[in-house]
Every structure is written in C-alpha cells, then in structure tokens.
2 protein chains.
Amino acid sequence: METIDHYSSQCTSVTTFLVQLRHVYGLTFIEPNIQNDMDKVVTCLAPVNIAAIKYWGKRDERLILPLNDSVSLTLDCDQMHSQTSVIAGPFIKEDGIWLNGQIMPIETNERLQKCFNLIRQLIVKRKGENCPEAKWKIRVCSENNFPTAAGLASSAAGYACLVYTLANAFDLLNEDLSSIARQGSGSACRSIYGGFVHWKAGIDDLGSDSIAVQIADDTHWPEMRIIILVVNDSQKKTSSTVGMQKSVETSELLKYRIQKCVPERTTQIIQAIKDKNFEQFAEITMKDSNQFHAVCLDTYPPCVYLNQVSHEIISFVHDYNEATGQIKVSYTFDAGPNAFLFILQNDLSSFMSELIKVFPTDQPISSYIRGIVSTQSDMLKKPGFEPKDKNLLKYIIVTKLGSGPRYSDNHLLNNNGTLKSK
Amino acid sequence: METIDHYSSQCTSVTTFLVQLRHVYGLTFIEPNIQNDMDKVVTCLAPVNIAAIKYWGKRDERLILPLNDSVSLTLDCDQMHSQTSVIAGPFIKEDGIWLNGQIMPIETNERLQKCFNLIRQLIVKRKGENCPEAKWKIRVCSENNFPTAAGLASSAAGYACLVYTLANAFDLLNEDLSSIARQGSGSACRSIYGGFVHWKAGIDDLGSDSIAVQIADDTHWPEMRIIILVVNDSQKKTSSTVGMQKSVETSELLKYRIQKCVPERTTQIIQAIKDKNFEQFAEITMKDSNQFHAVCLDTYPPCVYLNQVSHEIISFVHDYNEATGQIKVSYTFDAGPNAFLFILQNDLSSFMSELIKVFPTDQPISSYIRGIVSTQSDMLKKPGFEPKDKNLLKYIIVTKLGSGPRYSDNHLLNNNGTLKSK
C-alpha cells in the first residue's frame, strides 16, 4: 500500500478522445505508420469492485459462467487500482508478462492465454484474417497498488485492466469487453464499468448473455462511501475458485440461494440503488454477505473465510446501527476476512471517530486511515462502545465510487518491451 | 465438574422393579400409607443428549413444537447428568424449587409451571379429580454435575430429569413423558430415552404427534464414543430460544433446510444408525452441524455460536480423516463453541493421543481428560499435526451412549422438603 497515491492522473474526456483517435488512425487504416504507433506502450488503470449481491458458483468452469446474477460497486481508481502496460509489435518475439521483475511466457497461465486469444479473435473479426496486428506478439506488465495477498479482489481488477488495456491498444473499446474479462476472472467483468454494475448470469451455454451492464454511473449516488477494513490474519484459506467449486458440488443451501434468494434480492437491490434508498440497499447487502458465508459453511468440508475479527466488525456494525436507530452503515465480506463497509458521506465522520475508538491501533492515524477521509474529531456525543484489543486491523481505506478503467501515461514498460526502471 | 463421578449407582432392572412396585402400591390403591410413602424423597438422574440432526426453529412457541425432525444420541449418566429430588405431600405449603441454596416459588418460571401443571393433569386423568395427590404441593431440588454455563445442553437434561422424577414420584412412568419434557425445553424430550432417539416434528397443531421415539437402545452400537471438547470462550451469545426465533423470522435458507434437507438426512441417518455405518453417520452429522450454523449465519442479524477454536477443531477433524484415508471421527456443535466428537472405540486411543498433541494444555492430563478414557500412549506412527496454542480447550470429557434416565438413592432433599446438607 506504499504506492497508494502514485497514480492520480484523471481520464478526462479530451484525453480519451485523443487516445482513441490515435488508435483509430493507427489501426483501422492499415498504413505504414501503424507499426511505429503500436510501438508505443499503452497503459491503463482498472478499479476494484465489491459485490453487494455475491457471485458464488459457476455453471461452466471453462467459460466462467456464473450460476447467479451479481451486483457490485466499482471503486475509485484513485485509492486502489490495477495498472497494466502493453506493447505489441513484430519486434516482440514471444507473448510474455513481467512478473516480479522477470519476463514469463503467457503459456504458463491458462486464463491469461485465453484473454490473449479472445482479443486476437476480436482483432481478426474487426480487421480481417490478414491484418498484421493479429499476429503480433504482446508484452504485458501489470501491478496493483494494493497488496495482492490482502484478499482485496486483486484478480478482478487485474484481468479487467489487462483486457481494457489490450482493447485500448488494439482499438477494440467498442466491443463487449466484459465477456473477455469474465473469462480471465469471473468478477473482472464487473470492473469494466464504473458506478453500480449488474452481472447477468445468462442462460446461453456459450455465455453470449452472461455480461455485465451498468445500473447507474458513479455520479448517480455521489454520497456513497466505502470503508475497507484490512484485518490482521494468518488463517489458511481455500481459494475462491476451489471454494465455489466445492460449494456447487456439496452445498444443498446454495441451490436454494441461486433459485430463490438471489433473483429476489437482485431485483430489490437494483431498485434500492435507483431510488437511492440507503437502508434498503444496506440491509440487502448485509443479508447477502451473510448468506454467501452461510453457503460456504454449508460446503463440505466447510470453507471459512470470516475470522473472529470479521465477526467483531459485524457485531459492531449492528450495534452501531441499533444505537443510532437507523441503518447508517452496512458490511460485506468477500472470500476473506476483510470488511467492506458502505456508508453515506454525511454519516462518515461520526462513524469513523467511533470506529477508530473501537478498533484502536498503535500506528499514527495518518498511516492507519488512508484514502479520502481526514482524521476525525470528537463528533460523537452519545456514549461510545467498548474498545477492543489493539491492532486487530492492519489499516483502513476510505474510498468512493469510481467511473471505471481509464488511460494512464505512467508506463510500466519502455517502448522496446523492457521493464521501466522505477 | 468437580462432582463428575459422584453418582455411579446403576439402575438395575431389580431396582427399577422395586421402585415401580413401591409406587404402584403407594399410589394406585389409595390406601392410608400412601401419604407416608409419598413423604419420601424420590431422586433421579437424567442424561445429556447431543443432536446429530439439529432442532432449530419452532412451529409453535407455546407448545414448543419444532419445525423439523431431529435425531440425537443420549449420553451415559455416569459422566454427565442432571439430578433431581422431589418431595410432595400435604405438608408442603407451596410449589417450590431450590436454586443456589434458596427456595423459589415455581410461579417465577413459566416453563417449570407448565411441567407441574401437565403432571397434575396426568395424575387427575389416571386417578380421578378427587385423588389427594393432584392437590399436593411439590418441592424440587435440581442440579447438574457439569457447569450450566458451559453450554452443554443443561436444560435438556434438567427438564428431562424433572419430568422423569415427578413421573417416578407419581407413578406415571408409563405415560408419554417426552411431550411433557418437550414443553419444558424442546430437546429435553429426547433425553427421556437412551441410545439413539428420533424426535418427530409432527403436524398436529396441539402437538399430539410431536414425540420422541427410540431408534435403537444403547446396546445396539456399544462401540460408539463421544468426546466433548469444552472450549475456552468469552464471546457474548444469543440464547438458543431467541436465536431460533430470529432464524425462523429472517433466514431464507432455514425454509429450504426444513422442507428439503432435514427430511432426507433424517431418513439417511436412521438407516446409518440401524446399519452401524459409521462413515455415513459421521458425514451426515458433520454436514448437519455445518448447515445448522450456516442457517444461524443467514439469520439477520447473524447468530454466531462457533468461535476460532471451534473452527480449528473442525479443520483438525477433516485433516485427521484425510490423513487416515477414512472418516474416523466426526464433529457436531450445538448453540455454543464446544465440540462433540463421535468416534468408535477402536479408533479412540490413536485419535486421543493426536488430539492432546494438537490441543496441548498446561494442566495435568488427569484433569484435562475426564471420563472413560485413560491417558494414551504413543500409538500413532504417522507424522503428527502441528500443535496449536496451549489451553485453547478447558478440558475434554470422554463418554459413551447411555440408557436414559434412572433412579438414584442419593437425595438432594430431606424428607421434610429441606435442602440436604452436603
């Protein structure tokens, strides 16, 4: 998290237009200068998204088609993002990705390879079999500005960023990128869009209707804030890929969740988002998080992602809401112990001052709380809650909704495909 | 637990016969000596039972009628029991119960009062409205030989013991006591029988068909052992009465569990018990425990009864079974963090030696492990598991199946209704 504020360039509409113009000029009319143009590195950022209605269970493992719809919020790239640089051209000898300072062949990763193939199929579809770009080898460097190990949906941001950057490089931004990103990592399809996103499960065996669509952009409900509580944890974990496979195989309750609960909740939460009805949105979010973890526990052997600190956060949120007489804040947990809290801007500072009293730290407040909130004062008049042990949380990130992936001119690669020194 | 082995008197068939004969003689023929006979204290023990298919949710709060069938194992009274002494007669001025050295009126407890009323209704039904016993006041003293606060199903044993002792005192042992015990505490109806017990939910609004029946007695599968791991815990808890009310009101998944999962599992586990198929029995037990806790987590706000140590026990059991290539041991958890493990006698010593390595203690082994197992030796040849932190468990009780409630001559009351000094 040291680099959290490294990338703050905004994707203005003028920049986007110029970038797209350059690529249209370079790729659509196959002219002599195309090679020079593509020799320039293209770099993009893509955001993390947090599901309020959870994706858990695939109907097709290979195509990554889900058993149920999901609904997510795309976070602002300013606080957390994946960053990917791409260079392609005849001078690259082999598809490769820079990982931890070393170039690795793409063949070592099936999902990466699938994304590359799907992008090449799109190039051929758009520009014909004989277009040179379809044969160019591609070099990629990708990194997150947040710890991959922290269980903060890094693969969703990572694959969304890869696909968006490749699409940017090959002038494919008008295509349905969500279905390509989905085949890298299911929930990556939701990070292609900003604001509130609905990933429709679809029913087609080939997945043509399993796509992400935007419910509302990030300007629809600008007061929405997201607080991420990164929990200190050492528990061994089942990966979400393996966990959801096991749930599909063994959990009886998952069937009912998919058939009955999720369809009802999806309709309700989309309405709550459209109506900006926070209490309704918050309650469904908490219930769906709990039900997802219930299904994990109903899996055999059980998958346990929440730890004692997660449960203390859950209790604190319910106690806080009860004390205020309203649902002011809600929680959701992915396949890990970290909490994602939703709250409106007006309630943020009161809640934060209570939060840091209940979950105290030995750190200076400036490193404990990161993102868009400043240190809070003594706003809360009512009697506070009992403080828990110190340092249960690693740190807290406060962020807001974002507008989706965007272009960046802060490249990770040199134009010859080598790693840029930092 | 200091008094765990205080009561070891066995209820031989001769004793039972004599006791019953005494009461038949005393009560059925309303003779002058009846009053003198009833002036003698009657004392019984009743066992704890552990559900393998869990009871969670009532269809009638007042009559304590469950939404689903449950299946349980009745434990041996030698290790854990409730003990109740009863004295009744015209010389007792008020119904009362001795609690912590003080006599309390029965009116303070609705459920106790209900059990008294139901017993009196039975007396009238059997002996007519004008029989003197129906008007006698009753004095009770009841205690457990295990900590009530430990969450070890103390109310089930307690109410079963109260009802069984009253029935013994008033010669009502041939009546259906399970439906009276049920109205004290739902799962108490299962402690009326020994061995394996099936509590049928029933469909009658008045509960006439919601009764416990014995699947097989304790001699059917004598190799069955139960290991109770009492966990160190300070978490605040939702009582099971409140928890199941909330689940019925808010958990979507509970509906499916009741309609679909429990009926299938009940049939399967009864067959597994009849066939003495341990692996089948063990797998269903683990799955049903996990599903019950999944439903608790799906409750809003969620009820969390398992803690980190509970989850470590769950992981250890699965790891152990995987290492041995067979399901050698299974777990179940009630509305608390303590584990109840099932294992066959032949596998007990190997497992115990591994268990105490993985959950080490600072206590002498003789106080750490209680019940019917002696300290184990170096039986396990295969590489062991990593030991966890010390003192995660308070103590371990090893026990077996029992034959149900029984008579005892170790009275808690004097014949005049006062508390016996210890």
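Me: How is chain B placed relative to chain A in this model?
Reply: Copies are compared by least-squares superposition on the C-alpha atoms of residues with pLDDT of at least 70 in both. Here a turn of 180° and a shift of 0.0 Å along the axis lay chain B on chain A with an RMSD of 0.0 Å. The two copies are thus related as by a two-fold rotation axis. The same surface serves both, as 100% of the contact residues of chain B recur in chain A; contact means heavy atoms within 4.5 Å.

Me: Which residue of chain B comes closest to the rotation axis?
Reply: That is B:Ala294, whose C-alpha lies at 2.0 Å. Do keep in mind that this is a predicted model: local features need pLDDT of at least 70, side-chain atom pairs count only at pLDDT 80 or more, and totals for chains, interfaces and linings use all residues. Residues are numbered from 1 along each chain as its sequence is written, chains are lettered from A and ligands numbered from 1 in the order in which they are written, and side-chain values use heavy atoms, with hydrogens and water left out.

Me: What does pLDDT say about chain A?
Reply: pLDDT is the predictor's confidence in each residue, from 0 to 100. Chain A has a mean of 87, and 87% of its residues reach 70 or more. Over residues 1-36 of chain A, however, pLDDT stays under 50. Where pLDDT is low, the predicted coordinates should not be read in detail.

Me: How many residues does helix H7 of chain A have, and where is its kink centred?
Reply: Helices are DSSP runs (H or I, at least four residues) and strands likewise (E, at least two), numbered from the N terminus. The expected span of a helix is 1.5 Å times one less than its number of residues. H7(A), residues 252-275, has 24 residues and reaches 34 Å between its first and last C-alpha, close to the 34 Å expected. A kink of about 45° is centred on A:Ile258; the bend is the angle between axes fitted to the seven residues ending at a residue and the seven starting there. Just after H7(A), A:Lys276 takes a positive phi of about 50°.

Me: Is B:Ser70 buried or exposed, and what does it touch?
Reply: Buried means under 20% relative accessible area, exposed over 50%, partly exposed in between (1.4 Å probe, protein chains only). B:Ser70, in strand E5 of chain B, is buried at 0%. Among the residues that B:Ser70 touches are B:Tyr55, B:Arg190 and B:Trp199.

Methods
Lists of a residue's contacts leave out its neighbours within four places in sequence.
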